[in-house]
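Hi,

Here is the structure I promised to pass on. My notes on the ligand site and the internal space follow below.

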Amino acid sequence: MNPELASPSSSSDRRISVLARHLAGVEMDSKNDSISAFPTSGSDNNSVFSHVVRGPEDPILGVTVAYNKDPSPVKLNLGVGAYRTEEGKPLVLNVVRKAELLLVNDRSRVKEYLPITGLAEFNKLSAKLMFGANCPAIQENRVTTVQCLSGTGSLRVGAEFLAKHYLQRTIYIPQPTWGNHPKIFTLAGLSVKTYRYYDPATRGLNFQGLVEDLSSASSGAIVLLHACAHNPTGVDPTFQQWEQIRKLMRSKGLMPFFDSAYQGFASGNLDADAQPVRMFVADGGELLLAQSYAKNMGLYGERIGALSIVCKTADVAARVESQLKLVIRPMYSNPPIHGASIVAAILKNRDLYNEWTIELKAMADRIISMRQKLFEALRARGTPGDWSHIVKQIGMFTFTGLNSKQVSFMTKEYHIYMTSDGRISMAGLSSKTVPHLADAIHAAVKQVV
Ligand code: KET
């Protein structure tokens, strides 16, 4: 043995010695040497953090934590909105693999810091993807787009900017909405209120309530709108209703903040899903947009997205961008390069873009076929209730109408994991697992009220 590792004197020497022996692969069997013998271990009374209470798990991501702990072979995770194949496996799109190969083989690529605003090419292409190739606001340089950390980071940066520079601090979010929205906006310094959105009785849009609530919102308030495939309800306004919402919001000077996490997942078509946002841009008014490539390119862990702010003039847009940089720099300095490079490689190449749209449509279609299968399975079992909302709702989720007791029952008895509001991620289902889910829903509805 290395003599320097033997007979340590002081306690810090002893720690270094133990670590060195650990790294050298020496077994630590002597009681004196073991990590648990350190004076800082044992009781937490000495810790300056001993008052810290355990926080709750996240209502969505915590579902995966619980799922991972369950040893059952039939367990099923329908919690987080993440696409799975028919085999229940995560999917890396072929087009993403191709783009990554192109990037790896390009020796001119380096790992320098990106600018604070991210990869310029990615920003341009992202704006074009949502606003359309011939968008006047883009041509007039009235749009500033900054690369952010996926949809969540884009919402946060947008909210921090609004809290600092916008005339109103109130943001209206739909009831219900994605569970992270109220936390993001509150922590950014905005004050959160809700507008009616979903009617549990009809399992459809409460358009009347929505119009009433936005009509009585204070002038200039910010309004969070899901661009398409509303999460968790799977219920979107019709184009006619969008037009009414647009007119109402513009007449009251309400500021639209679009959250687009599912472009392409509602209809299977990127342009069709961008329509509501494009209606608001076409009227010449201002708005914010948070875009995510987590779902539609399957780039979840790459944390790639963008914040766009459409302004009235190029001059205002340039000044807004300079302030976005001041929000971003102390928060995370500048964004990561890999995901942005993948997205840019796909969006700028016609063949790769076309291939992406085909793979995206295939994901959307598989989800639609799961809706049909689940609906038919419940009908075949004679499960009490009208389950037609399963096929009517759009996007990744079905808002089943199951209550939290029924959800707990399904988790306990059937090892099916989902959020307590009764939302299931249809993308996590496969032909093989539909019968198991249908059995669980059937039993829950019959046995638990
Ligand atoms: N907006 C909405 C509406 C949304 O559903 C999500 C993610 C995001 C933004 C943020 O996604 P990001 O990965 O930051 O680009 N929703 C799913 C995952 C999650 O909760 O983090 C979900 O609802 O399961």
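Of the 18 residues around the ligand, the ones that come nearest are Ser150, Thr152, Asn231, Asp259 and Ser292 (a residue is near if one of its heavy atoms lies within 4 Å of the molecule). Bear in mind that this is a predicted model, where local features need pLDDT of at least 70, side-chain atom pairs count only at pLDDT 80 or more, and totals for chains, interfaces and linings use all residues. Residues are numbered from 1 along each chain as its sequence is written, and side-chain values use heavy atoms, with hydrogens and water left out.

By class, that shell has seven nonpolar, seven polar and four charged residues (Ala, Val, Leu, Ile, Met, Phe, Trp, Tyr, Cys and Pro count as nonpolar, Asp, Glu, Lys and Arg as charged, and the others, Gly among them, as polar).

Now the polar contacts (pairs of N or O atoms within 3.5 Å). A ligand nitrogen is 2.6 Å from a polar side-chain atom of aspartate 259. Ligand oxygen atoms come up twice: one lies 2.9 Å from a polar side-chain atom of tryptophan 178, and one lies 2.8 Å from a polar backbone atom of glycine 81.

There's also a cavity lined by Tyr195, Tyr197, Leu210, Leu225, His226, His230, Pro237, Trp242 and Ile245, the largest one (on a 1 Å grid over the protein atoms alone, a set of points where a 1.4 Å probe fits but cannot get out; lining residues have an atom within 4 Å of a point). Its lining divides into seven nonpolar, two polar and no charged residues.

Cheers

Note on methods. A polar contact is a pair of N or O atoms within 3.5 Å; within protein, one must be able to donate a hydrogen and the other to accept it, and residues adjacent in sequence count only if both atoms are side-chain atoms. On a 1 Å grid over the protein atoms alone, a cavity is a set of points where a 1.4 Å probe fits but cannot get out, and a pocket is an open set with protein on both sides within 12 Å along at least five of seven lines; lining residues have an atom within 4 Å of a point.
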